[in-house]
Amino acid sequence: MGKMVNLKIDGKDVRVDEGLNLIEAAAAAGVHVPNLCYMKGMKGVGACRLCLVEVEGGKAPVIACNTKVKDGMVVATKTDRVQEVRKFVLDLILSMHPLDCMTCTKAGVCTLQQYAYDFDIKESSFTRKKFGYPTDQANPFIKRDPEYCVLCSRCVRVCKAQGTNVLEFSGRGVGAKVVTAQDRPLQESGCTFCGSCVDACPVNALLEADRSRKGREWEYEKVDSVCLSCGSACGITVSSKDGEVVKISSAASEGAAEKYICAIGRFGFDSLNSEARLRTPMKRVNGELRDTSWEDALATVAEKLKAADGEAGFVSTANILNEDALALKKLAADVVKTKNYDSSVTLYADYDSLKGGSADLDKADLFVLAGTAPDQWARVLPALDAVIRKRVSEGGAKLLVINSGDPKIASAASAVLKGEEIAMIEQLAQAVISKGVKAPKEMVSALAHVDPSDAAMAAADLFVAAKSPVVLAAPSLYKAAANLSLIKEEAVSVPFEANARGVVLMGLVSEGKKFKEMLSSRSKALYVIGEVPVDKRPDTDFLVVQNSHMTDLATQADVVLPSTAALESDGTIVDYLGRVKEVRCTIGAASGTKSHADIFAEVAGAMGSAVKKGKEADVKKALKAKTKAAFSPFKREKDLDVDGERFIEAINKSTINGSRLLWLKESEKGVLA
Amino acid sequence: MKDNTVVRVCMGPAGIAAGGKAVLEAFRETLADRNIDAEVKEHCSSHQVGCLGLCARDVLVEIGRNGSKTSYQYVKPDMVGRIVAEHIVGGTPVKEWLVDETFDTFYRKQVKIVLADCGRVDPEDIDSYIAAGGYEPTREVLMTWIPDDVIEEIRMSGIRGRGGAGFPTGLKWELARRSKGDVKYVICNADEGDPGAFMDRAVIEGNPHSVIEGMLIGAFAIGANKGYVYIRAEYPLAVERLKLAIKQAYERRFLGRAIFNTQFSFDIEIRLGAGAFVCGEETALIASIEGERGMPRSKPPFPVNRGLWQRPTVINNVETLANVPYIIRKGWAWYASYGTEKSKGTKVFALTGKIRNQGLIEVPMGITLGEIIHEIGGGIEGNRALKAVQTGGPSGGCIPAGMLDLNVDYESLAKAGSIVGSGGMIVLDEDNCMVNMAKYFIQFTQAESCGKCVPCRVGTKRLLEILTRITEGQGKEGDIERLERLSRGVKTASLCGLGQTAPNPVLSNLRYFREEFETHIRDKKCPAKVCKKLLRYSILEEYCKGCGACMKACPADAISGDKKKPHRINPDRCIRCGACFEACKFKSVARD
Ligand SMILES: Cc1cc2nc3c(=O)[nH]c(=O)nc-3n(C[C@H](O)[C@H](O)[C@H](O)COP(=O)(O)O)c2cc1C
Ligand code: SF4
Ligand code: SF4
Ligand code: SF4
Ligand code: FES
C-alpha cells in the first residue's frame, strides 16, 4: 500500500491512499461528486465538467476526476458556484436529449436522469434540438442510438483500453459523434461484441439489442455468478425476470481490470432455451434414440456400468462444478470401482501444473506470457487478453511475450522473445540472474550453459524493474516458467477450461486411463459428461452422454441424460488464479433436467450405493492440497499442445449453435472472406 | 545624363500581384527609349518573401537620386511616362503620386526583431542566414554556456509566449528543465489557426532558420534531444522552406549528433496538421502528434511535466522561438528595453480590415492602439469612421474607437476585455455590425470545437442560435441576459482554452456595444446595415425614374410599377436580398 494522506471533504475528515483522485476520496468520505465521464480505474478526462469542485486556496474550480488528493487539502464539492456550473452543464446536455424517460429502457439506471432529478431540471431552459441520427440495429447484440449520446467517451475509452479500439469520435462542434471507422456497422468494424461499451454507457445510447420492452433494471433479480465457457472464468451478474435471463454483465468490481466479459459470456444465454436443449432422458431402442423416463434411463445406465465390471470409463469436461467433480469421483472410484476417470484437462495440461500458484492481476506491473496466447478476436481466453491490455494501456503495466509464433497480443508488448519457449524462458532467467538477481542454486547451475541474447537481456530489465511480475504460462510450460517465480513473485498456469484447477483439486485425477486413452481404446462402457471435444462415438459397448444440449456425440449415445446448464445449478469452481468462485443458480433447473451431481448420486442409488452430495466442507478439504513451488528442470510437458481457438469452440459448440452467437460467427466469416 | 539614378520596383508577392512586372517593364522601356542611363532594380524580389513593408500600396516604386530617396505608391504602367519625364528628367517629383506622410511613420513606429531578417536573408539558402550572423548564437550557447545561463537570459529578457496565452518563456523552460525525465521534447507550434492570422507563416517562409535556432537553444536549455514542428498542411510554401532549412541545417551539422562538436545532439521532425483550429491548443497538438484525434487533455499535468508521450515537453509558438536567437545575440537587456514593465519586446500583428495599410507589422509592446491605427495603419480606408479594433481573433474582443489611447500589451488589453492573442488585429468601421461580428466568431468556434466537453460543444451552439436569431429579427426580450449567462457558463466550465475564451467576442461586444444588440432585438434594426433580414427596402419615389431595373432584378416579384412611373416594393413579398438596391442606377432604393 502506498502512503496515506489526510484531507477534508465537505467538512468530513478522510484518510485515503495517496494517488487517489478526488472523486474516489469523496466517495470514501461518503460524498458523491456528480460525474458522467469518469470511470473508476481509468484516467479522468474532464469531458463532462460535472465533477468540478473547489479546493481551498485555488482560484478556479478543478475537476475532481483528474485531481489527485494532497495532504491537508480542503475540498468543497457543493458550493453555489459549482452547483450552478453543474446545473448549467446538465441544462445544456438536456437541450440535446430525447427526454423520453417514460419509455426508455435505461430509466432507473440512467445517470443523466438521476442528475436531472437531483438538480430539479424538468426541461432544458434552452431550445431543445434533435440530432436526427439513425440507430445502428444491424446486429443482434448491441443497439447504438446516438440520439441519446452525451459524448462522455466512456465507450470509446473502454474499447480502446482493452485493445479492440472500434470506436472513435468524429466531427466537430455539436456534430461531434461516436463512430466506428468510416461509420460502418459494428460487425464490419472489428467489433468483437464483448459489450464492454454497453456496460460503460451511462445513458441509453448503447443497449443490449434484445432489452427494449423486457423490463427495467429495477424489475430484475440480480445474482452474481461465473461464466463457465472458458478458462478465464469471468465473474458475471445475471439479471433475470420471471425466471428468464434477460441480461448478463460483468460482475467484477468497478475499476478492476477484470471488468470485461466476452460475447459468449454476455450474449450466449439465449442458448438456454435453444432447440437443442435436452429436457428428457433418451435411450436407444432398436437403433433409435427415444425419449424415456429418468427411472428407466438411470436403471439402464446402472445396469451397464455394473456389467462393465470395473472396466467402465468416465470422461468429463472441466467446466463442471467442484461439487459435480467430487460426486463424479465418488461414483467412479467407490461405486463403479474403476480407475478410469478423467477430465479434458489432460488434453492440454498435466495435473501438477494446475495445483499451485495464485496472482493478483490488478496489482501486477509486469505480465510475462509464456506460451499463453490470449486473443479476444479468436475468443481464446478473451478476458485475459483484455485485462492485460487494459493494465498496459491504463495502469502502466508492462508486457513481455514469450512465444514461438506471432500471437496478436504481442502488439501490446514492451518486449517479445520469439523462439522455442523453453529456450526463451531459460535465456530470460539467465539474463535476470546475470544482472545480479538472486536465484536458487539448482537453477543457477541448471542455467550455467545458457548464453542470453540481447533481446533476453533487454527483456530481463523489465523483469528486474518490476515489483510484482506475474508469469502466465501455458500449462505445458508451467513448471519451467514457474521457476521465474522462485526469483520473484507469482506464476500461474492458464488452462482453457473454467474449472480445470477445481476438477484436479477435487481428485478427478485418473489412476488408470487418461482422457485420450479412454477415447481411443475399446471399453465396455463410457460415460461422457458435458460437452467434450469429441464428435465420433468411440469404440465402446455402451455410451452415456450427460449434457444440457444435444451434441453430435450425444446423437450416437445409448443413453442421453439431460443435465442442467450453467446458471441452473449452485456450486463452486477454482479459477486459474486459484480463487474459489461461487457459481450461483440464477433461474433454477430447466424442467426435466438435473444437476450433474444429482445425476451421479442417482446413478449410484440405482446401483444400490449412496453417494453423498459434495458439501462445502468436502470442497474446502480438497482445496487444501497445495503444492509448494520448487525448482523444476526447464522442460516442456509433452503432447499437450492444442489449438486454443478450436478447443474452446468445440466445448461451447452447442451453446454457440443454439444462440445468436452463430450470427456472429457467420458475420466474421463474411468479413474474412 | 549620368547621376546614378536607381529605380526600385517592388516585386514581392504583393508587388507582383499588383502588376509590378508591367511597371518594371514600363520603366525599362521608357528609360531605354529616352536613352537614360538609370538602373532599374527589383525590390523585395528575393525569394518570394515580402519585405513586409507597405505592400498594401503596391506597386511601390522608389527612386534614388544622388543619395536621396523618393517613393511613389499605387504605380501603374501608364504612370511611368510622367514619372520619368518630370522626376528623372525634370528633377521634380510628381507630387500627387508620392507616398503620404504615414509612409514614414509606418517604418518609424515599428521595431523589427523577428521580422528584421525576413526579406533580407534568403530563406532557401543557409549561407545567406549564416552571413547575417545566423547560427552564431547557437554556437556560442552550445560551446560556452550552461543551460541555466540560457534560461536566465530568456527569463531576464521578459519574453512571453506569442502563441496567445503569454506565459513567460523563461519560466516554462525552467519548469521543463527541472521536470524529471531522461527524455524531453521541444515542440514548435506552427498550427496558426486563428482566422486572418499569418504571422507564423511569414516567419517560417521568410526566415525558417531563426525558428530552428530557437528550438536548438530551447532544447539545449531544457535537455531535449528531439523536437517537432507541428505545422498546418495548408502552408505548402512554409512547409517546403522549413523542410529545406532543416535539410541544410543537417548538412552543416547544426542538427543531428555532436552539434558544434559538443555532446549535444538534436533532431527535428515535421508533423503536418490537418487544419483543425483546436490542434493549435498544446495538449490537442500533443495528442495529434501521438497519433490520436486532436482533442485537448485536461491540465494538469502540464506539458512541461508530462507532455508528448508523457515526457516533459516545452511547446512554444513560432514567433516566440524566432525571437530567441536575437535575444541571445544582443542580450536580454537590449530585448527588455522594448515594451512595458510586464510585456517586453515586440509583437507581430496581422493588420487587416478597414485599414489602409494592411499587412504584417511588428511593434514594441506598449505602443498605443492609436499609433498602430493612424501612424502605421495609415488610418481608415475610405471616408468612414473607425468603430473598433478586434484583437485576439475568436478568443479576443473589440476595443472601441474611443479607447485608442490604450497601450497594446498583455495587461492593458486584458483589462479592456480583449487579449493580445496570437496577433490578429481587425479594424472595423461603421459598416461593421457588432452582433454579426460576435456571431461570426461563435460560428467559427462552434465549428472548430472538438466536441469533447459539454459547455463548449453545446454551449457555443446555443450561443450561436441566439445570436443568429437576433441577426434575423427574431431576437427576444431577455436574449442579452441569456447570452451573458451562457457566456459565463461556457467560460468557467470548458475544458480547454478554446471553450474558455470562445464567449469573449460576445462579452466584449456586449460590454461596449450593448445598445447595438438592443436595437437589433427591440427595433429589429441593424445600424450598420449588415444583417440582411433586418433591412427594409423601399423606393424613393421622388428619385425613381421608373426604369424597371429593380423589378427585373427582384427574384421574389415584390416590385411593381408602370414604366417611367415610380415603382413600389411590397414589403410582404420582399425577401431582403438587396438585388434591387444593387440594380438601381439612380440610388433610388433606400435601405434601412
Ligand atoms: C484553441 C487554441 C488554439 C491555439 N492555437 C495556437 C496556434 O495556432 N499557435 C500557437 O502557437 N499557439 C496556439 N495556442 C496556444 C497554445 O496552446 C500554447 O499556449 C502555445 O503554443 C504555447 O507557446 P508560447 O508559450 O510560445 O505562446 C492555441 C490555444 C488554444 C486554446
Ligand atoms: S462491443 Fe466491445 S469491441 Fe465492440 S465496440 Fe463495444 S467495447 Fe468495442
Ligand atoms: S455512447 Fe454512451 S458511453 Fe459512448 S460516448 Fe455516448 S453516452 Fe458515452
Ligand atoms: S473547450 Fe471545446 S475545444 Fe476545448 S475540449 Fe472542450 S469541446 Fe474541445
Ligand atoms: S467526471 Fe470529471 S469531467 Fe466528467
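**Exercise 1. Two loop residues of chain B**

Task: decide whether B:Ala258 is buried or exposed.

Solution. Count neighbours: B:Ala258 has 10 other C-beta atoms within 10 Å, so it is exposed. The cut-offs are these: buried means 20 or more other C-beta atoms within 10 Å of the residue's own, exposed means 12 or fewer, and partly exposed lies in between, with C-beta atoms placed from the backbone. The model is predicted; local features need pLDDT of at least 70, side-chain atom pairs count only at pLDDT 80 or more, and totals for chains, interfaces and linings use all residues. Residues are numbered from 1 along each chain as its sequence is written, while chains are lettered from A and ligands numbered from 1 in the order in which they are written.

Now locate the residue. B:Ala258 sits in the loop between α11 (236-251) and β7 (267-273) of chain B. Helices (H or I, at least four residues) and strands (E, at least two) are DSSP runs, numbered from the N terminus. Check the backbone: phi of B:Ala258 is positive, about 45°, although the residue is not a glycine.

B:Asn261 lies in the loop between α11 and β7 of chain B. Its phi is positive too, near 55°, and B:Asn261 is not glycine either. With 9 other C-beta atoms within 10 Å, B:Asn261 is exposed.

**Exercise 2. Cis peptide bonds**

Task: find which residue is joined to B:Pro300 by a cis peptide bond with omega of about -5°.

Solution. The partner is B:Lys299. Step on along the chain: the bond from B:Pro300 to B:Pro301 is cis, with omega near 0°. B:Pro300 is in the loop between α12 (282-289) and β8 (313-317) of chain B. B:Pro301 lies in the loop between α12 and β8 of chain B.

**Exercise 3. Strand pairing in chain B**

Task: trace the bridge partners of B:Glu62.

Solution. Start with the strands. β1 (residues 6-10) and β3 (residues 61-65) of chain B pair antiparallel over 4 bridges. Pairing requires that DSSP finds at least two bridges between two strands. B:Arg8 has B:Glu62 as its bridge partner in β3(B). Next, β3(B) runs antiparallel to β4 (residues 68-72) of chain B, with 5 bridges. There, B:Glu62 is partnered by B:Ser71. Finish at the turn: the β3(B)–β4(B) hairpin has 2 residues between the strands, and B:Asn66 takes a positive phi near 45°.

**Exercise 4. A helix in chain A**

Task: explain why α4 (residues 154-161) of chain A is largely enclosed by the rest of the structure.

Solution. Of its 8 residues, 7 are buried, so the helix is largely enclosed. They are A:Arg154, A:Cys155, A:Val156, A:Arg157, A:Val158, A:Cys159 and A:Ala161. The cover includes β7 (167-170), β8 (177-180), α5 (196-200), β9 (206-208) and α9 (382-395) of chain A. After α4(A) comes A:Gly163, with a positive phi near 100°.

**Exercise 5. Two ligand shells**

Task: say which residues come nearest to ligand 4.

Solution. The shell has 14 residues, and B:Cys450, B:Cys453, B:Cys456, B:Cys496 and B:Gly499 come nearest. Shell residues have a C-beta atom, placed from the backbone, within 6 Å of the molecule. α18 and α20 (497-501) of chain B each supply at least two of them. By class, 8 are nonpolar, 4 polar and 2 charged. Here Ala, Val, Leu, Ile, Met, Phe, Trp, Tyr, Cys and Pro count as nonpolar, Asp, Glu, Lys and Arg as charged, and the others, Gly among them, as polar.

Turn to ligand 3. It is surrounded by 14 residues, the closest being A:Cys149, A:Cys152, A:Cys155, A:Cys201 and A:Ala205. This shell divides into 12 nonpolar, 1 polar and 1 charged.

**Exercise 6. The interface**

Task: state how many residues chain B and chain A give to their contact.

Solution. Chain B gives 23 residues and chain A gives 26. Contact means C-beta atoms, placed from the backbone, within 7 Å. On the chain B side, α17 (434-448), α18 (454-471) and α19 (479-493) each give two or more residues. α18(B) has the largest share, 8 residues. By class, the chain B side has 9 nonpolar, 7 polar and 7 charged residues.

Conventions:
Contact = placed C-beta atoms within 7 Å.
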